[in-house]
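Biologist: I should like to understand the reasoning behind the terms applied to this model. Please take me through it.

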Amino acid sequence: MYLEYTADIDPIWAWDPYVPSADNPWSLEKAGHLFRRAAWGATWGQLQEGPHATLDALLNSPDAAAPFYSKARQLAAPLTEGEDDHRLRAWWLYVILNSPDPLLERLTLFWHNHFATSHAKVQNVAYMYQQNELFREHALGSFSKMLHAISEDPAMLLWLDGVSNKKRMPNENYARELMELFSLGIGNYTETDIRQAARAFTGWGIRNDRYHFSAVEHDTGIKQVFGNQGNFGGHDIVDMCLEKPACARFMVRKLFRYFLSDTLQPGDSLLEPLAEKFRKSGYQIKPVVSTMLRSNLFYSAECYRAKIKSPVEFAVSLVHQLEGRADSLQLAEMLDPLGQRLFAPPSVKGWEGGTDWLNSNTLLLRHNLGLAITSTEDRRFYNRCDPARLVRQHLPGKDDLATATSFLTKLLLQGDIPMGTRQKLEERQVQLASQKYPAYWNRDFIHDAQIRSLCHLMLTLPEYQLA
C-alpha cells in the first residue's frame, strides 16, 4: 500500500474542529463522508442533515438503543447454548443492520479486529458472544477497563493459550500479543519483558465458564518488566503497559487508520495531541473519537475516500442506503468469500484491511453481491432492497433517465464521479431499454429494470469501493 507521510500537516489545524465557511461549506460530499466512516452510509434523508447535530446524534446513544439491545440479547440467548457459529455471525449482522446506534457497532467491529479472536480455535459460541458483548460495553468507554477485561476473557484465554500458562511452564503468547498488538507495538518492549510478564499471568484460567485464578499455578517470584521489579500479577502488567507513553500513541494511530485514512502515515507529532488527551482522560475512547470525527483533517481532501470499504461496510451500507432489509443468515454466508468472516479473523493480527480487501476475485464477488441485493430476482434477497421502489418514493412523477441518474449518483456517491462515467452509465441504460423495451422506449421514461441496472453499475465503480 502506498503511504503518504504527514510531516507537513499542522497538528493544531488538524485537530481543531471543522467549521463550515463560505470557502469550505458543509456539503453532500461531507455528509456522505461522515456517514461512511461513523455509520454504515447515509440514507437520502440523512444526507440532508447538518454537521453538528448529526455527529452529536452519532456519538450519543439514542433512547431506542436500550430496548433494541435488550431484544438482541434475547435473540442471542438460544444461540449461546449451541455450537452454530454461522448463526452467531448472522446475529451480529442483524444487530449491525438494525441497531439505532451505528457508531457503537462500528467500534465493536474495530475492537473485534484489534483483539482478533477466532471461533476456529476457541470452539465455544457462548465465549465468542460474551467477548462481543465485552467490546460493545467498552466500545466508547475506557480502553483501560477493556484491556483489563479482555485479559480475563474466556475466549481470549483459550485463543492465546492463557489456560495453559502454568508456573512450571510459562506460555508467552498472551504477554507477547498484549504488548505487540494490543497496547504498545513493536519496539516498545524487549523479549525479556515478555518472558517475565508471562510469569505474571500464570495461573489464569477458566472455571464454570468464567475467569478463574489458581494460586497454586501462579508464579509468586520476583519479575522484572519495563525496568520495574516486584512480585507482579497479570493486572500489574496491564497497568504498566498503560503507563508507557507508547500505549496512547499506538492506540491513537490505530483509530486514525480506522476513521481517517488507509494511506496517510501519521507521524508522532501529529498524533501526540490526541495521545496526550487519551492519557489525561484515563484512556477514555469517546473524546478521542469525537475529536477525530469533528476535525479539520477528517474533512480534508487528504482523508476523503482514503479508505477501502471492508466487505461488511460494503454490504451493510448498501442495504442501509437503499432503505431496505436483508436476511442476515444469507448475508453472512455471502460475506465469507469476500474475506471477512465475523468471529473468525485470519490471525491474531486481525484483518489487515486496505488494499488487502480487493483483488480480481473479491471485486467480482462484490459485483455479484451488489447484483443479488438490488436485482429483486435473487431468491436470497427478493425485493427487500429495490432501488426502483426507492427512486419512485423520492421522485414521484419524475420518470426520466437524467433525474434517476442524478438521484442515484447523489445517494450512492454524493455526485462525485467523472462526467464521462455518468454519461457511460446513461448510455448503458439507453442500450438496455432499446433492447428490452423497444415498443415504448424514450428518454422521458425509465423502466424499473433500468433503475436496478443503473444502481448495480454504480456499485461496481471504483468510487463505491471507497469509504
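The exchange below concerns a predicted model and the grounds for the terms applied to it.

Biologist: Why is the contact between arginine 341 and aspartate 85 called a salt bridge?

Modeller: The side chains meet at 3.6 Å, N to O, and the rule asks for a side-chain nitrogen of Lys or Arg within 4 Å of a carboxyl oxygen of Asp or Glu. The pair therefore qualifies. Arginine 341 lies in the loop between helix H19 and helix H20, and aspartate 85 in helix H6, 256 residues apart.

Biologist: Why is aspartate 85 called buried?

Modeller: The relative accessible area of aspartate 85 is 17%, and buried means under 20%, so the term applies. Arginine 341, at 33%, is partly exposed, because that value falls between 20% and 50%.

Biologist: What makes arginine 305 and aspartate 416 a salt bridge?

Modeller: Their closest N and O atoms are 3.0 Å apart; the limit is 4 Å, so the pair counts. Here arginine 305 is buried, at 11% relative accessibility, whereas aspartate 416 is partly exposed, at 22%.

Biologist: How do you know that the length of helix H16 is close to expectation?

Modeller: Helix H16 has 13 residues and reaches 17 Å from its first C-alpha to its last, against an expected 18 Å. H16 nevertheless bends by about 30° at leucine 274, and Leu274 is one of its buried residues.

Biologist: Which helices do the buried residues of H16 pack against?

Modeller: They pack against helices H1, H10, H15 and H17.

Notes: Residues are numbered from 1 along each chain as its sequence is written. This is a predicted model: local features need pLDDT of at least 70, side-chain atom pairs count only at pLDDT 80 or more; totals for chains, interfaces and linings use all residues. Side-chain values use heavy atoms; hydrogens and water are left out. Helices (H or I, at least four residues) and strands (E, at least two) are DSSP runs, numbered from the N terminus. The expected span of a helix is 1.5 Å times one less than its number of residues. The bend at a residue is the angle between axes fitted to the seven residues ending there and the seven starting there. Buried means under 20% relative accessible area, exposed over 50%, partly exposed in between (1.4 Å probe, protein chains only). Contact means heavy atoms within 4.5 Å.
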